[in-house]
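Student: I would like to go through this model by asking what each label rests on. Please set each value against its definition before you conclude.

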Amino acid sequence: MSRFFSAEYKSLEPYTPGEQPQDQQYVKLNTNESPFPVSPKAAAAAAEAAERLRLYSDPECRMLTPKFCEVFGLAPDEVIFNNGSDETLNFAFMAFCDETHPAVFPNITYGFYPVFAEINRVPYEEIPLREDFTIDVDAYCGINKTVFIANPNAPTGIALKRAEIEKILRTNPNNVVVIDEAYVDFGAESCLPLIKKYDNLLVAQTFSKSRSMAGARLGFGAGNPELIRDLNTIKYSTNPYNINTMTMAAGVGALSDEEYTKANCRRIQENRAFTVDALRSMGFTIPDSQANFIFAKHESVDGETIYRELKKRGVLIRHFTKPLIRDYNRITIGSREQMQIFLDTLRIVLEERL
Ligand SMILES: *Cc1c(COP(=O)(O)O)cnc(C)c1O
């Protein structure tokens, strides 16, 4: 730390992104990226847009909005595009939390929530998951705080029903409820249809996972036009050009290829079922996942060992050191071939340990 670093941030503990090693080719199942290439339509549109890089990108994203609204059935004033969901979430902490609207989220969830709360100096409460890792919905009802829930939750993969989230929305009419749907396309119920019914609902989604665009950084927030206006106040006070021209074009391309996205999501769901069956027969406990990853604990070999031994053999998964979940690993669902290599390597690791 330099002697110039602001006292405001000295105690800040930044988020730790998953490893992106450059040293060797791994079977990379650690950051929930898609194993499938971006839609060729998105790639072509981005390449073509390179010609326009001389100009600033359009802060209003007018090239993207009509196609987006057509696909998602939303009005232009119900959406804001951001530099990944992470930016939408950070903006939501800035816009909708303060001393009288503290944040609340599960104790086991996306690791960025506490970081956003800290950097924005927002008080926050973490509510423990139940023993089986499910979210205790009743604990959020009438809580009078700004609620952040990832649905499906990370890193458990467990999803809430839309009706359960509706209970939280209905009982907290004076607070915003942010539903982070980064993984919703892999089998959970989206809350987008509730936007017109609840003026306190903000849904965050991303093109990173189901549309194979993690490197492009494109996410959106959807909600009541007044909430979107507030988020735009934050956006225009930080970085109005948060979506670059090539990403915007890629977004349009991806949205004109929704069949491709749907087919890829179906393949992930099939590979997930295949992997879960195989792992359970090898002695793993796994909650039912609606995401493009699973959360697995072995009956006798600890999580850290499995992570380390797989990494030595070229397979990368995600291990968390938080005591409550350190017996577990989060495994991204990749292609069938990747999952086969993962399972074969895992069998070798387990045989050596048992
Ligand atoms: C991946 C992820 C995000 C962030 O997605 P980006 O759009 O790539 O910033 C947000 N929330 C959760 C729960 C995620 O896993």
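Tutor: Let us start with residue classes: Ala, Val, Leu, Ile, Met, Phe, Trp, Tyr, Cys and Pro count as nonpolar, Asp, Glu, Lys and Arg as charged, and the others, Gly among them, as polar. By class, the shell around the ligand has 4 nonpolar, 4 polar and 4 charged residues. The model is a predicted one, in which local features need pLDDT of at least 70 and side-chain atom pairs pLDDT 80 or more, while totals for chains, interfaces and linings use all residues. Residues are numbered from 1 along each chain as its sequence is written, and side-chain values use heavy atoms, with hydrogens and water left out.

Student: What makes a residue one of those around the ligand?

Tutor: A residue counts because one of its heavy atoms lies within 4 Å of the molecule. The residues that qualify are Gly 84, Ser 85, Asp 86, Leu 89, Tyr 110, Asp 180, Ala 182, Tyr 183, Thr 206, Ser 208, Lys 209 and Arg 217. Helix H3, residues 84-96, gives the most to this shell, with 4 residues; helices here are DSSP runs of H or I with at least four residues, and strands are runs of E with at least two.

Student: Why are the approaches of Ser 85, Tyr 183 and Thr 206 to the ligand called polar contacts?

Tutor: The term requires a pair of N or O atoms within 3.5 Å. A backbone N or O atom of Ser 85 lies 2.6 Å from a ligand oxygen, a polar side-chain atom of Tyr 183 lies 2.4 Å from one, and a side-chain N or O atom of Thr 206 is 2.5 Å from one, so each pair meets the cut-off. Taken alone the ligand exposes 390 Å², of which the protein buries 93%, the areas coming from the Shrake-Rupley method with a 1.4 Å probe.

Student: How do you know that the ligand sits in the largest pocket?

Tutor: A pocket, on a 1 Å grid over the protein atoms alone, is an open set of points with protein on both sides within 12 Å along at least five of seven lines, and its lining residues have an atom within 4 Å of a point. A molecule sits there if more than half of its atoms lie within 2 Å of the grid points, and the ligand passes that test for the largest pocket. This pocket holds about 1200 Å³, and Tyr 15, Thr 16, Tyr 110, Gly 111 and Phe 112 lie nearest its centre among 46 lining residues. Its lining divides into 19 nonpolar, 16 polar and 11 charged residues.

Student: What makes the other spaces cavities, and how many are there?

Tutor: They are called cavities because a 1.4 Å probe fits but cannot get out; the count is 4 of 30 Å³ or more. The largest has about 50 Å³, and its lining has 8 nonpolar, 3 polar and 2 charged residues. The second largest has about 40 Å³, and helix H8, residues 258-281, gives the most to its lining, with 3 residues.

Student: What makes the peptide bond from Asn 151 to Pro 152 cis?

Tutor: Its omega is near 0°, and the bond joining Ala 154 and Pro 155 is also cis, with omega about 0°. Most peptide bonds are trans. Pro 152 is in the loop between strand E5 (146-150) and helix H5 (162-171), where Pro 155 is found too.

Note on methods
A polar contact is a pair of N or O atoms within 3.5 Å; within protein, one must be able to donate a hydrogen and the other to accept it, and residues adjacent in sequence count only if both atoms are side-chain atoms. Grid points are joined across faces, edges and corners, and a volume is the space filled by probe spheres set on the points.
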